[in-house]
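Student: I should like a close look at a single part of this structure, namely the salt bridges and the elements that they connect. Please treat the matter in one connected account.

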Amino acid sequence: MTVQHFTPEGMMQPTPYHHVAVGKGTTQVHVSGQVARQADGTPVAPGDLAGQVAQALRNTALGLAGAGASFADVLRLTFYVTQWSPEKIGDFMAGVEAVAEEISLQLPMPPASLIGVDYLFEPDVLVEVEATALLD
């Protein structure tokens with residue numbers, strides 16, 4: 001296995017992500033700027049955080065697959081969410097959980113950061129996903 005995810009004893013548990021990833025390989029894959037858009041640019045799930053998280057993760061999976069990778073190879077995920085507040089975690093996780101099996105995203109997720117931002121590149125975009133993977 002190229003990537004091992006784990007949360008050592010003594011670190012906060014449970015969380016929706018592992019705290020540590022160890023990668024062994026030589027090829028890095030970076031997928032960034034994934035939002036809730038279809039290939040033709042059509043918005044998906046306007047105003048729906050859960051729906052946008054799910055679609056952004058689907059698009060991330062497509063980017064990884066295009067490079068010969070999958071979520072099993074991901075060292076780290078970064079989520080940028082507009083107008084973030086802690087009350088949104090339920091909708092955020094609902095989006096993750098709704099698509100996890102479909103895209104083979106193991107839960108808990110790889111190490112992840114959720115960063116609140118004022119806005120993204122267009123007003124209807126609620127979430128953006130970035131992934132870093134490592135291949136042999």
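Tutor: A residue is called buried under 20% relative accessible area and exposed over 50%, with partly exposed in between. The model is predicted, and the account below should be read accordingly.

A search of the whole structure finds 3 salt bridges. In one of them E122 pairs with R37, and the closest N and O atoms are 2.7 Å apart. E122 belongs to the loop between β5 and β6, while R37 belongs to the loop between β3 and α1, so this pair ties together parts that are 85 residues apart in sequence. With a relative accessible area of 35%, E122 falls between the two limits and is therefore partly exposed. R37 has a relative accessible area of 12%, which means that R37 is buried.

R37 also forms a salt bridge with D124, where the closest N and O atoms are 2.9 Å apart. Here too distant parts of the chain are linked: R37 sits in the loop between β3 and α1, D124 in the loop between β5 and β6, and 87 residues separate them. D124 counts as partly exposed because its relative accessibility is 26%.

A further salt bridge joins R58 to E102, with the closest N and O atoms 2.8 Å apart. R58 lies in helix α1 and E102 in helix α2 (residues 89-103), so the pair ties together parts 44 residues apart in sequence. R58 is partly exposed, since its relative accessibility is 26%. Through shared partners, salt bridges join R37, E122 and D124 into one network.

The strands that border these loops belong to a sheet. This open sheet of 4 strands has the order β3-β6-β4-β5, and its pairing is mixed. Its edge strands are β3 (27-34) and β5 (112-117), each of which pairs on one side only. From one strand to the next, the twist averages 10 degrees. Helix α1 (residues 49-66), which carries R58, packs on the sheet and touches β3, β4 (74-82) and β6. The direction of α1 makes about 30 degrees with that of β6.

Finally, β3 and β6 (residues 127-135) pair in the antiparallel sense over 6 bridges. Within this pairing, L135 of β6 is the bridge partner of T27. The loops that hold the network thus adjoin paired strands: R37 follows in the loop between β3 and α1, and E122 lies in the loop between β5 and β6.

Technical notes
Residues numbered from 1 in each chain as written. Predicted model: local features only at pLDDT ≥ 70, side-chain atom pairs only at ≥ 80, totals over all residues. Heavy atoms only, no water. Pairing = 2+ DSSP bridges. Helix = DSSP H or I, 4+ residues; strand = E, 2+ residues; numbered from the N terminus. Axes fitted to C-alpha atoms, helices over the stretch in contact; angles between N-to-C directions. Contact = heavy atoms within 4.5 Å. Salt bridge = Lys/Arg side-chain N within 4 Å of Asp/Glu carboxyl O. Buried < 20%, exposed > 50% of the residue type's maximum accessible area, 1.4 Å probe, protein only.
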